[in-house]
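Please open the model in your viewer and keep the sequence panel beside it. The tour below moves from one selection to the next and says what is found at each stop.

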Amino acid sequence: MAEILAAEERRQAGSLELIASENFVSPAVLEALGSVLTNKYSEGRPGARFYGGNQHIDTLERLCERRALELFGLLPAGEGEEPQWGVNVQPYSGSPANFAVYTALLRPHDRIMGLDLPDGGHLSHGYATPKRRVSATSIYFESMPYRVDPQTGLIDYDDLERLALVFRPRLLIAGASAYPRDWDYGRMRRIADSCGAYLMADMAHISGLVAAGEAKSPFEHCDVVTSTTHKSLRGPRSGIIFYRSHLKDAIDNAVFPALQGGPHNNNIGALAVALKEANSEAFRNYAKAVKANAKALASSLLDYGYTLSSNGTDNHIVLWDLRPLNLTGSKLEKLLERMHVTANRNTIPGDRNAVAPRGLRLGTPALTTRGLREDDFRWIATLLDEAVQLACEIQGERQGMKLVDFVAAMDQEPYASQLEGMR
Ligand code: PLP
């Protein structure tokens, strides 16, 4: 184990981390994660547990809840004022948080609408192919996705409205895993109202930006807001659900006892630390830099003549459309890995095959934490350009070249030495 840990630490320190959903937590967050909090069982809610010895865990969970509400401006303004929002910090991660919301608000086979996975949505928003209901969300509920306009890469709200009026979902979901633009929550609220649906935002990717005021806040318009806490928010791997106060019992009961057992108190402790860190000037400057860096990366790639989905970015994501290069995301991902640059292949709007996607998703949160700024990201664009040139050279005329053959070719001369030099 010691060897594995040391090797992973070296890999993280020695590579350029461009995966949009990853980040590097602070030593304080790591310390809480690896603390004695992991030893404790605390099924139930603060003050109402099914195990003894929870006096400190109760204090911890209440602290974490208060920090979460405070960070997103959801604490009541004055003494004695009724809270409009509550929060549950027990979900084990983002997907369980989303499923808890569905369990709370829906009955089996109720209808839901989320952004389609090939267009940037997340599995847990109801992904299904014509042949297979892939996500449990599409197994237990009836899912009809909405899409982005393949020409512009932007959510097609008119089409979403048209579909919603026909499909009449019980739940409409905003939020994505690979969408470089901000959301029109007001428009989605109106669409949800026109068909009697709840509106949920899954702000997993952008919650750090929302906290810092660098992305639109979904709270004004939504009934429920979920998030992971380990992406741009820079906390431990965990999940969180904010809900309008009248939904408290339904959400709390869905998390426990419907779906989960004991909360992971070490995660809740680490989250409490991260939420405090996020409520600081330093974090707000960080979030600004995340966006500025993504813009610098995007404009440099555009200057090189490459194609980006939606032609740029409003957030931390750059979604690179590799179709004009006849290159798949898998090949570029493998080649970058050899250069110690970590990114992930991703579908781009218009892709229907999630297994051989023709895009690459890049993100700036992790390297911004490591102190890289706009000039560094312009330099990264140069590196990415070199990588693409080499990938195209390896592939040559063989555009249908299998991934295994591409990888084998990378290991042969002259490419092996070239990659060695670029590492
Ligand atoms: N929601 C969105 C928008 C995501 O991007 C992700 C993860 O990538 C999740 C939910 C799921 O989070 P987890 O991997 O923690 O289950």
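Which residue does UniProt list for "modified residue: N6-(pyridoxal phosphate)lysine"? The unreviewed UniProt entry lists Lys 231, and that is the place to begin, bearing in mind that the model is a predicted one.

**Stop 1: Lys 231 and its surroundings**

Select Lys 231 and follow the backbone to either side: the residue is found in the loop between strand 9 (224-228) and strand 10 (239-244). Is Lys 231 buried or exposed? With 27 other C-beta atoms within 10 Å, Lys 231 is buried, because 20 or more such neighbours are enough for a residue to count as buried. Now add Ser 21, Asn 23, Ala 204, His 205, Gly 208 and Pro 365 to the selection, since Lys 231 touches these residues when those up to four places away in sequence are not counted.

**Stop 2: the whole chain**

Zoom out and colour the protein chain by secondary structure, which comes to 16 helices and 15 strands. The radius of gyration is 22 Å, close to the 22 Å that the globule rule gives for 423 residues, so the chain is as compact as a globular protein of that length. Along the principal axes, the C-alpha atoms fill a box of roughly 70 × 55 × 35 Å. Buried residues make up 50% of the 423 residues, and among contacts between residues at least 6 apart in sequence, 72% join residues at least 24 apart.

Next select residues 1-382, which the unreviewed UniProt entry lists as "domain: Serine hydroxymethyltransferase-like". This span is 40% helix and 14% strand, and its end C-alpha atoms lie 37 Å apart.

**Stop 3: strand 15 and its sheet**

Select residues 359-363, which form strand 15; five of the five residues are buried, so this strand is largely enclosed by the rest of the structure. If you show the side chains, Gly 359, Arg 361 and Gly 363 point one way from the strand, whereas Leu 360 and Leu 362 point the other way.

Which strands pair with strand 15? Strand 12 (residues 317-321) pairs with strand 15 in the antiparallel sense over five bridges, and Leu 319 stands opposite Arg 361 there. Strand 14 (residues 344-346) also runs antiparallel to strand 15, to which three bridges join it, and in this pair Arg 345 stands opposite Leu 360. When you display the backbone, remember that strands of a sheet pair through backbone hydrogen bonds, either parallel or antiparallel.

Widen the selection to the open sheet of four strands, whose order is 11-12-15-14 and whose pairing is antiparallel. Strand 11 (307-308) and strand 14 stand at the edges with a single partner strand each, so one side of each is left without a neighbour in the sheet. Helix 11 (residues 281-303) packs on this sheet, touching strand 11, strand 12 and strand 15, and its direction makes about 20° with that of strand 12. Then add helix 12 (residues 329-338), which lies across strand 14 and strand 15 and runs at about 170° to strand 14.

**Stop 4: backbone details**

The last selections concern the backbone, where most residues other than glycine have a negative phi and most peptide bonds are trans. Go first to Asn 311, in the loop between strand 11 and strand 12, which has a positive phi of about 65° although it is not a glycine. Asn 311 is partly exposed, with 14 other C-beta atoms within 10 Å. Then select Arg 168, in the loop between helix 6 (157-167) and strand 7 (171-174), where phi is again positive, at about 50°, although this residue is not a glycine. Arg 168 counts as partly exposed, with 14 C-beta neighbours inside 10 Å.

Where should you look for cis peptide bonds? One joins Phe 256 and Pro 257, with omega at about 10°, and Pro 257 is found in helix 9 (residues 248-259). Another joins Glu 413 and Pro 414, with omega at about 5°; here Pro 414 lies in the loop between helix 15 (403-410) and helix 16 (415-422).

Key:
Residues numbered from 1 in each chain as written. Predicted model: local features only at pLDDT ≥ 70, side-chain atom pairs only at ≥ 80, totals over all residues. UniProt positions renumbered as here; feature names shortened; annotations may be inferred. Helix = DSSP H or I, 4+ residues; strand = E, 2+ residues; numbered from the N terminus. Buried ≥ 20, exposed ≤ 12 C-beta atoms within 10 Å, placed from the backbone. Contact = placed C-beta atoms within 7 Å. Pairing = 2+ DSSP bridges. Axes fitted to C-alpha atoms, helices over the stretch in contact; angles between N-to-C directions. Rg over C-alpha atoms; globule rule 2.2 N^0.38 Å.
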